[in-house]
Each structure stands twice: as structure tokens, then as C-alpha cells.
Amino acid sequence: DEDLEAFTVQSLLIDSGSITFDRGYQNAYGEMLNLDPGPPFIIEGSIQGAGGISFVSGGVDLTNPFQIYVQPSGGHTGLISLADGVNFVGSPIDPIRIEGPYKISCGLDYQVDNPNLTWTYTTFRCSYSAAVHNMVPFAFSGVGLTVENCRFTGMGSDFFYLMSILDHNAFVPTYDIAFRNCQFDNLDFTGGYHPIVIDNFARLSIEGCQFNNITYDSVATSGLAVIRNCGIYSIKDNTVSGNTLDKFHITNAWAADSAFIRTSDDLPIVANDIVVPFDSALAIGKGSVIKFLWSGGIETSGRLYIDSTVLTSWQDDTHGGNTDLAPPPTTWDKWKTDGGRGITVFPGGRAELNNTKIYHASGAVQAGGPVTIDSSYIADCDGFGLYADGAGADTFRVANTTITRTAKDGAGSTAAIVYRDASLGPQALILDSVSIIGNEFDGVYVSYVADQFTSITIRNCRIIDNAGYGIRYPADSHLRDFVLTKSVI
């Protein structure tokens with residue numbers, strides 16, 4: 001301050017461009033007092049503007065860690081709010097640590113050229129301050145964000161939730177969001193329903209993260225992360241311990257490119273629709289548990305591969321725990337998508353299910369394209385286990401699979417497996433070592449109305465104890481082959 005001829009605390013205004021604080025950074029105050037450059041950095045005033053700021057370590061000094069202390073003084077707050085955002089770039093040998101009563105707000109709503117931010121090897125410990133109104137200490141709007149090897153810890157019950165991450169270019173989500181190998185622990189959000197909220201991103205990844213000892217108020221739609229209107233690129237290898245409620249709650253998701261999901265019985269996904277576009281693929285890996293809302297399921301116009309996975313209702317407490325926070329129902333809300341059934345394969349799409357268990361769906365698999373089901377178990381569904389109605393030269397294969405306790409749904413359901421060939425190309429239904437047992441109607445029903453040849457092969461099957469016929473099919477000149485061998489009907 002030239003009038004006082006002394007240094008005073010002022011807010012830092014960054015109108016454009018970006019400032020980098022690294023181990024070589026020094027300001028005028030430090031120069032006058034002949035202080036060592038670099039950390040620790042003490043922030044006593046707010047940092048705001050249209051520009052950006054980066055904290056970059058890159059060296060190593062065991063006696064002088066890269067520490068940032070937010071210590072507001074003189075009526076200032078710990079607000080760090082920048083349109084171009086904040087980067088924290090630590091390293092394994094020189095991590096960053098920031099603590100104090102701060103709020104970090106990055107991005108600008110409804111802008112298309114906002115940055116992609118990077119946070120690596122940084123520990124965030126935030127204390128509450130009514131002056132900065134940091135009940136949500138991290139807020140992002142319309143930016144991309146990659147968070148790797150970071151830790152969020154030690155936040156008390158004054159906070160509502162940890163972070164809100166929004167891409168406000170919601171008509172066409174543009175940015176990517178990724179959390180990899182991060183740790184979230186000892187966080188208390190009493191009064192809040194979801195520690196992390198993520199909205200409207202083109203590609204989402206949550207990989208190798210740990211969620212431990214997180215307290216929050218739980219309702220049926222709560223979750224450690226609530227994810228809405230996002231393209232799923234990768235959710236895998238996350239672990240949990242000691243939390244109020246262990247689940248990710250996902251609404252209106254789609255597979256981004258070649259997507260991969262691997263969850264667990266300890267950390268299930270609860271979802272409504274998951275869509276696989278025609279130019280994308282989704283693989284759901286071993287051990288996964290995905291529980292669907294009554295208006296949920298999977299629709300694919302692309303490629304779908306499911307291995308060693310449980311797909312069930314969110315009311316099902318036997319898989320993934322009590323995620324709806326209600327006792328087991330006397331009447332199940334059977335799950336299906338608005339445009340189809342439990343799993344719906346549209347023409348042009350294809351699906352392969354291996355060692356998969358499907359429970360409580362309103363129609364387990366509706367196939368308008370080729371489907372293979374192997375070593376799977378389909379039970380307690382309404383309508384059908386498989387409805388095969390291809391649009392082209394499609395083959396439907398079911399092997400080493402059980403379909404049981406399928407109930408009538410009031411919509412004219414007729415059999416555990418319905419084969420309705422109305423296509424423009426020759427098709428085939430192959431059942432090998434399939435048990436169709438104890439269903440409320442026919443075991444297999446063939447409704448053939450096409451002008452192309454079709455063939456049916458049933459071998460080593462048990463089609464027994466169903467309320468209707470074992471197999472019912474019309475005599476039709478286009479039924480080229482009907483092979484029935486070594487089966488009990």
C-alpha cells in the first residue's frame with residue numbers, strides 16, 4: 001500500500017491468463033523480507049476473476065512440504081473462485097496439501113471453451129466457515145476435471161456435501177470427469193444426502209477409489225455418488241468401508257465409446273436406464289451387482305457383454321444390501337425401461353450374457369438382434385425370460401441356463417421363451433442344456449409369421465412343471481428344421 005508504505009492483505013484478482021505458484025514463486029512481500037521462495041503459501045484473502053491459477057510442486061524438500069494454508073484475515077474470506085479454474089499438480093515425491101476454511105469454485109456456466117482441470121497428489125482438508133458459505137466446499141460448473149491420487153479427509157458435520165460437479169452445456173455434454181485412485185475418508189455430511197453430485201458429462205470415470213467412514217443422511221435416492229445424465233466410460237475397482245450407505249445412484253446414463261463397469265456386492269449401482277448407443281459398447285465385468293429402479297434397465301443398439309453379474313430390483317436386499325431402505329416387498333416393482341423390457345436389444349444391436357443372474361424384471365431379455373445367453377439364471381420375472389424377435393438374419397442361443405418362476409404379466413405373455421420370427425432374413429433358435437421349469441405358462445412358444453426359413457434346435461433340455469404346454473409351435477412350410485434330442489418335456 002503506497003499510502004501506508006506497508007503491506008496489506010488484498011484479494012487477488014486474476015482478470016485473464018493464469019498464475020502459477022511453484023517452488024520458485026516469490027512475491028514482493030517475500031522479497032522485501034528476504035524469505036525463501038515457494039511454499040508454504042499462506043492465503044489470507046480471496047482469489048477471484050476470469051483467469052486461472054495453478055499450484056505445481058515438481059521438486060522435493062522433506063523439510064519444507066508443499067503446504068497451502070488458507071487463513072482469511074481483515075474481513076476477507078477463503079473463496080477461490082475462477083472462471084478458468086484451479087489446478088493442483090502434485091507428485092508422488094512432492095505432494096500438495098491445502099487446509100483451512102476455503103471454498104473452491106471453478107468454471108463459468110454455459111460457456112463452451114472452459115478448461116479441463118487437473119488435480120493430482122493433493123490432500124484437501126477443509127474447515128467450515130459461515131463467512132465463505134462453504135457448506136459445499138468444491139463446486140464446478142462447465143469444466144472438465146481429472147482427479148488422481150488425491151485425498152479428501154477430515155471434514156465435520158457443518159458441511160452439506162463434498163462437491164457439486166456440473167457441465168452446464170447440458171444439451172450436448174462436452175467435458176470429461178474422472179476420479180482415479182482417490183481416497184475419501186472421515187467425512188461427515190449429516191443433513192446432506194449424497195457426498196458427491198455429478199451432472200451432465202460426456203465421459204465419466206471412477207476407478208480405484210476408496211470411500212471410508214463417510215456419514216450422511218440416507219434416503220432411498222441417496223448414494224456415495226449421485227450421477228445424472230452422464231456417459232459412463234469406466235466405473236471399476238472401488239472399495240468401501242464404514243459408510244452410512246454404500247451405493248452409486250445413477251440416472252439417465254449411456255455407454256461412452258467402449259465402456260466398462262465392474263461393481264461389487266459391497267458397492268452396487270442403483271440405476272434407471274443405461275443405454276448403449278449404436279456406435280458404442282458396454283462390458284459389465286465379473287462380480288458386478290446392478291439394481292434397477294422400476295423404470296430402469298439396459299437398452300442396447302450397440303454391443304452389450306455381461307459376465308458373472310447380478311441384475312435385479314433395487315428392492316432386492318439379498319444382493320447389494322438394502323439399497324431402498326425398506327423391508328422386502330410383498331409385491332415387487334418389476335423393472336423395465338420406458339421403451340422396452342429388462343434388457344432390450346434393438347435391431348442392429350447384439351448382446352452376450354455369461355454366468356449372469358437376472359431377477360424381478362418385467363421381461364428379462366427382449367431381443368431384436370442376436371443374443372447369446374450361457375450359464376445364466378433367470379428367475380422371478382414377469383412376462384418372459386427371453387422374447388426373440390429379430391429383424392434380420394439373427395441367431396438366438398441359450399445354453400446351460402435355467403429360466404424359472406416366470407409369471408404372467410397381464411400383457412398377453414405366453415411362455416418363458418417366445419420365438420417370434422417376423423424378420424426379413426433366415427433365423428435360428430438354439431436351446432442347449434436349458435432348464436425351463438415351474439413357469440406360469442408354456443415353456444417355449446413359437447409364433448412364426450415370416451416368409452424366410454427358420455430353424456429350431458432343442459437338445460439336452462428339461463422343459464417341465466410349467467403351467468402350459470412344454471413346447472407350442474405352428475405347422476408352417478418355412479419351418480425348415482425342428483431338431484429335438486435328448487430332452488425331457
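Is Asn252 buried, partly exposed or exposed? Hold on to that one, everybody; I'll come back to it after a quick tour.

Hi all. What you have on the screen is a predicted model, so please keep that in mind as we go. Let's start with the overall picture. The protein chain has 489 residues, and its secondary structure is made up of 45 strands and one helix. If you lay the C-alpha trace along its principal axes, the spans come out at about 100 × 45 × 35 Å.

Now, how do the parts of the sequence meet? Take the contacts between residues at least 6 apart in sequence: 72% of them join residues at least 24 apart.

On to the inside. Of the residues in the chain, 53% count as buried. The largest nonpolar core holds 111 residues, and Trp119, Phe138, Phe184 and Ile358 have the most contacts inside it. The largest share of this core comes from β23, which supplies six residues. Remember that strand, please.

And the outside? The chain exposes about 20100 Å², with carbon and sulfur atoms supplying 49% of that area. As for charge, there are 53 negative side chains and 28 positive ones. The centres of those two sets lie 14 Å apart.

Next, some backbone details. As a reminder, most peptide bonds are trans, and most residues other than glycine have a negative phi. Here are the places I'd like you to look at with that in mind.

Begin with the prolines. Pro39 and Pro40 are joined by a cis peptide bond, with omega at about 0 degrees. Pro40 sits in the loop that runs from α1, residues 28-32, to β3, residues 41-43.

Then there is Asp237. Its phi is positive, about 60 degrees, although Asp237 is not a glycine. You'll find Asp237 in the loop between β21 (225-236) and β22 (239-241). Its relative accessible area is 41%, so Asp237 is partly exposed.

That brings us back to Asn252. This residue also isn't a glycine, and its phi is positive at about 55 degrees. Where is Asn252 found? In strand β23, residues 248-262, and β23 is the strand I asked you to remember, the one giving the largest share of the core. As for my opening question, Asn252 has 37% relative accessibility, so it counts as partly exposed.

That's my tour. Thanks for listening, and I'm happy to go back to any of these spots on the screen.

Technical notes
Residues numbered from 1 in each chain as written. Predicted model: local features only at pLDDT ≥ 70, side-chain atom pairs only at ≥ 80, totals over all residues. Heavy atoms only, no water. Helix = DSSP H or I, 4+ residues; strand = E, 2+ residues; numbered from the N terminus. Buried < 20%, exposed > 50% of the residue type's maximum accessible area, 1.4 Å probe, protein only. Contact = heavy atoms within 4.5 Å. Areas by Shrake-Rupley, 256 points an atom, 1.4 Å probe, with all protein chains shown as cover. Lys, Arg positive; Asp, Glu negative; His and termini not counted. Charge placed at Lys NZ, Arg CZ, Asp CG, Glu CD. Core = buried A, V, L, I, M, F, W, Y, C linked by side-chain atoms within 4.5 Å.
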